[in-house]
Amino acid sequence: MLSRITGQKLTQNHITAPVTFLASLVTVLLGVIFVDGAVAEEEKQKLLTILYRFSTPESDVRRLTHLMIKGIKENQIYKQINNLLTLSNSLSESEKLLIIAFGYEISAIDGIGLTEKQYLEIIGKHLGINPKYLSVLESAFAHNNHIDYAALDEVRFRLEPCLFNELDIVFVKAASDMLAALPTKPEIQVTQQKQIAYSGLKKFQENQKELDYLCYRVFQVVEDCNARGFLHSKLTDEVEAVSKKLQSQSFRLAVVGEFSQGKSTLLNALLGEEIQPVRAIPCSGTVTVLKYGTQKRVICRYKDGSSEEIPFEEYKLKAAISKEAALEHRSDELAQSNIAEIIFEHPDLELCKSGVEILDSPGLNEHPERTAITQKLLKDADAAIFLTNAMRLLPEKEKELIQDVRLHLNANKDNQPAENLFVVVNFMDSLDDEQDRQDVKQRLTSFVKDKNLLSSTGENRIHYISAKAALKAIINGNNDEYKKTFQAFSDCLEKFLTLERGALKIKRSVNEVSDLITKSLEGLKQAEKILDGKVEISEAEKQKIFEQIGEASGRDVRIRIMASQLIDQVIDEAAESWDEWRQGLGERMAEKSRYWYSEHSPVWSQNKLIQDYTNQFVKNLSQEIDDWGNAQLKDIILQNNLKILDNNIEYELDAIQSEFKNIEQQVKADFSQQLQLSINGINDDFMGLGGIGGGLGIGGALAAGLIVFTGLGFVAVIVASIAATIAGSFGLGMFDIDGLHDQIKLKVFEIGFEKFDESIDKLSEKLHEITTSVFDTKLESASRVISEAISLYENLLQQHEKAHQETLEQREADKTWICQKQQELEQLNNQIEAIIQHYAI
């Protein structure tokens, strides 16, 4: 059909998702224009404005768009519903809705007439668009106030830019602009008074959006230059990758603590609303993620990798455990939850709307999968809040937990303070006596200083609050002492996120975009030299370039072969080291078991005693694996083999760069600087991998892999095995308490090791996964640079060939055009650099 419409012989390769989208869009827009029998000049201009945003001048897509306009108009495809359905058959609901939205936008040029309205309703019906969505779009572009705001939320959700990522960045931008054109839900004044403003985070978001827009502008310039052959195609891919990263950036805030410390109330106070679902039940045993969404919804992700959207009531039934299990920390029931993560999306929470995702933990004091959950929670966290209770400040197990959190935040670097940890003491309103308050503050300050816990022990990292009293004050609009102390805490948190973490994010993004602009300017500078005839490539030199393209590909293959060999070597060395470590494990664990403790009686509370000993067995075993993973696997085995790979990559890239410079001197080109910028970037990446494991300790990751090696969890398996083995074997008539303690310890020890040995295959898989992941990161960076080198070679040959075919007049026009693009890039770079001035870096 598209061949018939365009008059071109198109193949399946031409029929990409963007092309079918454009064909459907052209059809609908022309239908709107012609349906009323009168075509206004403004409608023609609007048609081109809408369509041109999806292509660059002189690109194949732009030419194809003109052919589509001509063919659809002449064949009156817009009147043939079946043909439109054929064109749009592969489009998603969101893509069809965006097309209809553009239809309403163009119909509003001269006022949405009855015939245009009826046409869009007919098209919408056949495309399966909800009539409520059509009413929303009509009201939006007709600028009337009769809007169904629930339907508006659904429309906004279906036009989320992230849903268009698979098409192209221009479609993402189109969806973003369409969202901006839609009306916003009116703010209720009372709600605004309840919620904390977070103006600093909102300003940061504005700067991030501005940077994203400037990045999009850079993309347009680079794509224009690529379309005319002046820049290689890899540059557009790089700009697009940076833009997608910018759009997905958000702050991740983790909230950690034991049961009944007021985490739900703290979150409610931060959010300014009693959101309830987060902890309406005693405990879910899962990580809960609270984030912005255009509508309220709950997504449940399971441990087997599946997920589904569910009503909250169903979540209660699926995730709830008994109150007794939560209060008594019963490991078996906690570990048996098959839910890995619950995601709540909410449209009206200021903190989340300001770009913050909140990760809330279940109570972690005796959670059997604490290591795995803590790692999951703190992975890539920008900040963590550790919540404790003023009435029972930091008992021994909580001290262990907070030090565990500090260790994870520091990528398992011990004895270093955490820069992004906030310690918050809740229930300060329960302390009536001022002396008690001072005692709490003194005890906490002393502990923090003694353990070197925080990078700063001042008011900006330790806070004393009453979350419940603060929430009540926020909701009632009061400004009492509790509201003020909570406001001081939220201000410090906001300042940290924006001026410390945010500044680093912005700086990193600015540097990435600036480097791409520099590479683009270098490429255009070379293009000018070619047009001026300053670059001459003989046939022999062409042959040399072709040889270097082949040689570069060969170097990529050699790097990959070496990486594969090194991975095998790591696995072999790790297996040998593991066997040596395993030989002495029994003795080390036996020594540690002497210090296992439980307050429960082996006679009257035998099951609880078993649970306590089981948890301590797992804790000791996890620490042993952690020690081996960090001391042997990471610091020796992985480090040594990665150093070999790094040296090999450095050698191969240096060889490629050396050949670049040789050819550059021979043909008098100027393109090695572009490659050097990419090599510098890969060196920065490798420096970032200095803490091998990507922020998680290797040992900890292995221990986590062990602990969750079955759907029930390691502890649940041990508890079930022990319960089945020793149930009733120790009669109540036996009152040798110490003897019972020792026998139960021994049974936990024996069955624990039995289950541990059964999990070795799972542990080996985790080891291979970690090793491959670390090596793959380096391989991808090296391959990216080599691929760019090949593109630079190819682009040089293409430009040289093109320049020789052009007339002097054409070359002068090209140089004028290049000069204009250089100026645009330099202006964009200045605007981008100005953004960073908002932050003291």
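**Close-up views of a predicted model**

**Figure 1. Surroundings of Lys-173 in helix H10.** Apart from neighbours within four places in sequence, Lys-173 contacts Arg-53, Tyr-213 and Tyr-216. The model shown here and in the other views is predicted. Helix H10, which holds Lys-173, covers residues 169-181. Lys-173 has a relative accessibility of 17% and therefore counts as buried, the cut-off being under 20%.

**Figure 2. The whole chain, for orientation.** The chain contains 32 helices and nine strands. Of its 841 residues, 53% are buried. Taking contacts between residues at least 6 apart in sequence, 82% connect residues that are at least 24 apart.

**Figure 3. Packing of helices H2 and H6.** Helix H2 comprises residues 17-35 and helix H6 residues 93-107. Their axes are 9 Å apart and the packing angle is about 30 degrees. Angles under 35 degrees count as roughly parallel, and H2 and H6 are therefore roughly parallel to each other. H2 passes H6 in a crossing that is right-handed. On the H2 side, the contact is made by Phe-21, Ser-24, Leu-25, Val-28, Leu-29, Val-32 and Ile-33. H6 contributes Glu-95, Leu-98, Ile-99, Phe-102, Gly-103, Ile-106 and Ser-107.

**Figure 4. Packing of helices H2 and H4.** Helix H4 spans residues 60-75. The axes of H2 and H4 come within 10 Å and cross at roughly 40 degrees. H2 and H4 are therefore oblique to each other. Their crossing is right-handed. The H2 residues in this contact are Val-19, Leu-22, Ala-23, Val-26, Thr-27, Leu-30 and Phe-34. They meet Val-61, Leu-64, Thr-65, Met-68, Ile-69, Ile-72 and Lys-73 of H4.

**Figure 5. Gln-76 in the loop between H4 and helix H5.** Helix H5, on one side of this loop, consists of residues 81-88. Gln-76 is not a glycine, yet its phi is positive, near 50 degrees. With a relative accessibility of 34%, Gln-76 counts as partly exposed.

**Figure 6. Leu-394 in the loop between strand E7 and helix H20.** Strand E7 is formed by residues 383-389 and helix H20 by residues 396-409. Leu-394, although not a glycine, has a positive phi of about 45 degrees. Its relative accessibility is 6%, so Leu-394 counts as buried.

**Figure 7. Ring pairs around Trp-596.** A search of the whole structure gives 20 aromatic pairs. In one of them, the ring centres of Trp-596 and Tyr-613 are 5.8 Å apart and the planes stand at 40 degrees, so the pair is tilted. Trp-596 is in the loop between helix H25 (585-593) and helix H26 (606-667), while Tyr-613 is in helix H26, so the pair ties together parts 17 residues apart in sequence. Trp-596 and Tyr-613 are both buried. Trp-596 also pairs with Phe-617: the centres are 6.3 Å apart and the planes are at 90 degrees, so this pair is edge-to-face. Phe-617 lies in helix H26, 21 residues from Trp-596 in the loop between H25 and H26, and the pair links distant parts of the chain. Phe-617 is buried, as is Trp-596. Ring pairs join Trp-596, Tyr-613 and Phe-617 into a cluster with Trp-578, Trp-581, Trp-628, Phe-749, Phe-753 and Phe-756.

**Figure 8. Arginine charges over aromatic rings.** The charged end of Arg-62 sits over the ring of Tyr-52, at 3.8 Å from the ring centre. The charged end of Arg-461 sits over the ring of Phe-422, at 5.0 Å from the ring centre.

**Figure 9. Surroundings of Gln-674 in helix H27.** Helix H27 is made up of residues 672-688. Gln-674 has a relative accessible area of 2% and is buried. Not counting residues up to four places away in sequence, Gln-674 touches His-232, Lys-519, Glu-522, Gly-523, Glu-788 and Leu-792. The C-alpha atoms of Gln-674 and Leu-516 are 9.1 Å apart in space, with their positions 158 residues apart in sequence given as the separation.

Methods: Residues numbered from 1 in each chain as written. Predicted model: local features only at pLDDT ≥ 70, side-chain atom pairs only at ≥ 80, totals over all residues. Heavy atoms only, no water. Phe/Tyr/Trp six-rings, centres within 6.5 Å; stacked < 30°, edge-to-face > 60°. Helix = DSSP H or I, 4+ residues; strand = E, 2+ residues; numbered from the N terminus. Buried < 20%, exposed > 50% of the residue type's maximum accessible area, 1.4 Å probe, protein only. Lys NZ or Arg CZ within 6 Å of the ring centre and 35° of its normal. Axes fitted to C-alpha atoms, helices over the stretch in contact; angles between N-to-C directions. Parallel < 35°, antiparallel > 145°, perpendicular 65-115°, else oblique. Left-handed = near helix turned anticlockwise from the far one by under 90°. Contact = heavy atoms within 4.5 Å.
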